[in-house]
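Have the viewer open and ready to rotate. We'll take a walk through this protein together, stopping at a handful of spots along the way.

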Amino acid sequence: ESLTQFLDTFLDELERKASGVFLPTLEKILRQVVTLGGDVSMWQMAVSVLRRQILPTLLNDHATVIRAEDLWHQARIMIGDSARRARVYQEWVVRQRTERLRKINHGLATRTSIPELMNVLAEELPRLGISSCYLALYEDPSKPTEWCRLVLAFDEAGRIDLGADGRRVLARQLAMGSEWPIDQACHRLIAPLYFQDEPLGLIVFSQLAVGDMYEILRDEISLTLKAVMLAEQNDRLYQQALEAQQTAQAGRQLAEQADRLKSSFLSMVSHELMTPLVLLVGLSEMMLREGSGNR
């Protein structure tokens, strides 16, 4: 369609069917190319092809040749300026993305729980132009096509509430788009999350452009997820050890209390058993003394 407009407006202006339509049309086309991330300089070739095809038909019309050469010259200048602006813009975009990625990496590195990690991603990824994202962790890493837990989901409408424990879904259904809004058509990138050879989960990005940004994000998210999982595992082990220590300490206290009760009981029984004996001994001594006096 762009090439058709490019050719039609050039011929209309060359044949004086319309005035001042070719260059504005070309400018509109170039803006679209920049927006879509295309190569503006390729349109220089389009001008060359157009000149090569049209010029031989104009050799007998000197005035038309001059008019055509003027339009081609202005078109080349416009394309060159647009290409330079596009390069400057792309360099700015790269710098902005690099800075944003640096901030995201820092934000991820300072989080110590999966909910905190998901909060950072939900806030920062849209600023990179990622309009939707779904992140799920495998329940059993040895079965990556079966059950997983969706812990992050957002789209153009905002973040989706998954509850405190996330939403249990089949990994293969998530990969096939069962959780995606049906009325939203866009390119999506599905990437595995893993640490070394250990599968962790999968992530689904909306993809607006081709580049290594998504690979960098995937690697950083995977690394941080593994670190957080290890930290949570260590915390659980510490809590279990602490509870075991407290249980053992409580057991020792119960044992010491039982020993004290046992000693007290034995002392009391000994005392109670000795009392009648003392009385009998005393009574016997009195009877012996009385018997001696009677003699």
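What follows goes from the overall layout to the helix packing, the cores and then some single residues.

Keep in mind from the start that this is a predicted model. The protein chain has seven helices and six strands. Trace the chain from the N terminus and the elements come in the order α-α-α-α-α-β-β-β-β-α-β-β-α. Of the 295 residues, 32% are buried. The accessible surface adds up to about 19300 Å², and carbon and sulfur atoms hold 56% of that. As for how the chain folds back on itself, take the contacts with a separation of 6 or more: 56% of them are between residues 24 or more positions apart.

Now for some helix packing. Two packed helices are described by the angle between their axes and by the distance between those axes. Look at H3, residues 42-54, and H4, residues 62-109: their axes come within 9 Å and cross at roughly 170 degrees. An angle over 145 degrees counts as roughly antiparallel, so H3 is roughly antiparallel to H4. On the H3 side, the contact is made by Trp 43, Gln 44, Val 47, Ser 48, Leu 50, Arg 51 and Ile 54. H4 answers with Glu 69, Trp 72, Ala 75, Arg 76, Ile 79 and Gly 80. Sort the residues of this contact by class and you get seven nonpolar, three polar and three charged.

Stay in this part of the chain and find Leu 14, which is in helix H1, residues 2-14. Is Leu 14 buried or exposed? Its relative accessible area is 5%, and buried means under 20%, so Leu 14 is buried. Skipping neighbours within four places in sequence, Leu 14 is in contact with Ile 54, Leu 58, Thr 64, Arg 67 and Ala 68. Ile 54 is also one of the H3 residues that make the contact with H4. Leu 14 and Ala 68 are 54 residues apart along the chain, yet their C-alpha atoms are separated by 6.4 Å.

Next, the nonpolar cores. The largest has 28 residues, and those with the most contacts inside it are Leu 125, Leu 135, Phe 205, Leu 217, Ile 221 and Leu 225. At least two residues of this core come from each of H4, helix H5 (114-124), strand S1 (133-138), strand S2 (147-155), strand S5 (188-195), strand S6 (198-206) and H7. Leu 135 is a good residue to click on: leaving out neighbours within four places in sequence, its contacts include Met 118, Leu 121, Val 151, Leu 193, Ile 203, Ile 221 and Leu 225. Apart from this core lies another, of 26 residues, among them Val 40, Ile 54, Val 65 and Met 78.

Leu 200 is worth a stop too. Leu 200 lies in strand S6 and is buried, with a relative accessible area of 3%. Not counting residues up to four places away in sequence, Leu 200 touches residues including Ala 136, Leu 137, Tyr 194, Ser 222, Leu 225 and Met 229. From Leu 200 to Leu 225 is 25 residues in sequence and 8.1 Å in space, C-alpha to C-alpha.

Which buried residues aren't the usual greasy suspects? Try Thr 224, found in helix H7, residues 213-294, and buried at a relative accessible area of 7%. Beyond its neighbours within four places in sequence, Thr 224 is in contact with Leu 108 and Leu 117. Then there is Glu 124 in helix H5, which is buried with a relative accessible area of 12%. With neighbours within four places in sequence set aside, Glu 124 is in contact with Arg 100 and Ile 104.

Finally, some loops. Lys 143 lies in the loop between S1 and S2 and is partly exposed, with a relative accessible area of 42%. Lys 143 and Pro 199 are 56 residues apart in sequence and 9.4 Å apart in space, C-alpha to C-alpha. Arg 16 sits in the loop between H1 and helix H2 (22-35). Arg 16 is not a glycine, but it has a positive phi of about 65 degrees, and it counts as exposed at 62% relative accessibility. Gln 196, in the loop between S5 and S6, isn't a glycine either and has a positive phi of about 55 degrees. At 64% relative accessibility, Gln 196 counts as exposed.

Definitions and conventions. Residues are numbered from 1 along each chain as its sequence is written. This is a predicted model: local features need pLDDT of at least 70, side-chain atom pairs count only at pLDDT 80 or more; totals for chains, interfaces and linings use all residues. Side-chain values use heavy atoms; hydrogens and water are left out. Axes are lines fitted to C-alpha atoms, for helices over the stretch in contact, and angles run from 0 to 180 degrees between N-to-C directions. Helices (H or I, at least four residues) and strands (E, at least two) are DSSP runs, numbered from the N terminus. Angles under 35 degrees count as roughly parallel, over 145 as roughly antiparallel, 65 to 115 as roughly perpendicular and the rest as oblique. Contact means heavy atoms within 4.5 Å. Ala, Val, Leu, Ile, Met, Phe, Trp, Tyr, Cys and Pro count as nonpolar, Asp, Glu, Lys and Arg as charged, and the others, Gly among them, as polar. Buried means under 20% relative accessible area, exposed over 50%, partly exposed in between (1.4 Å probe, protein chains only). Accessible areas come from the Shrake-Rupley method with a 1.4 Å probe; for residues, only the protein chains shown count as cover. A nonpolar core is a set of buried Ala, Val, Leu, Ile, Met, Phe, Trp, Tyr and Cys residues joined through side-chain atoms within 4.5 Å.
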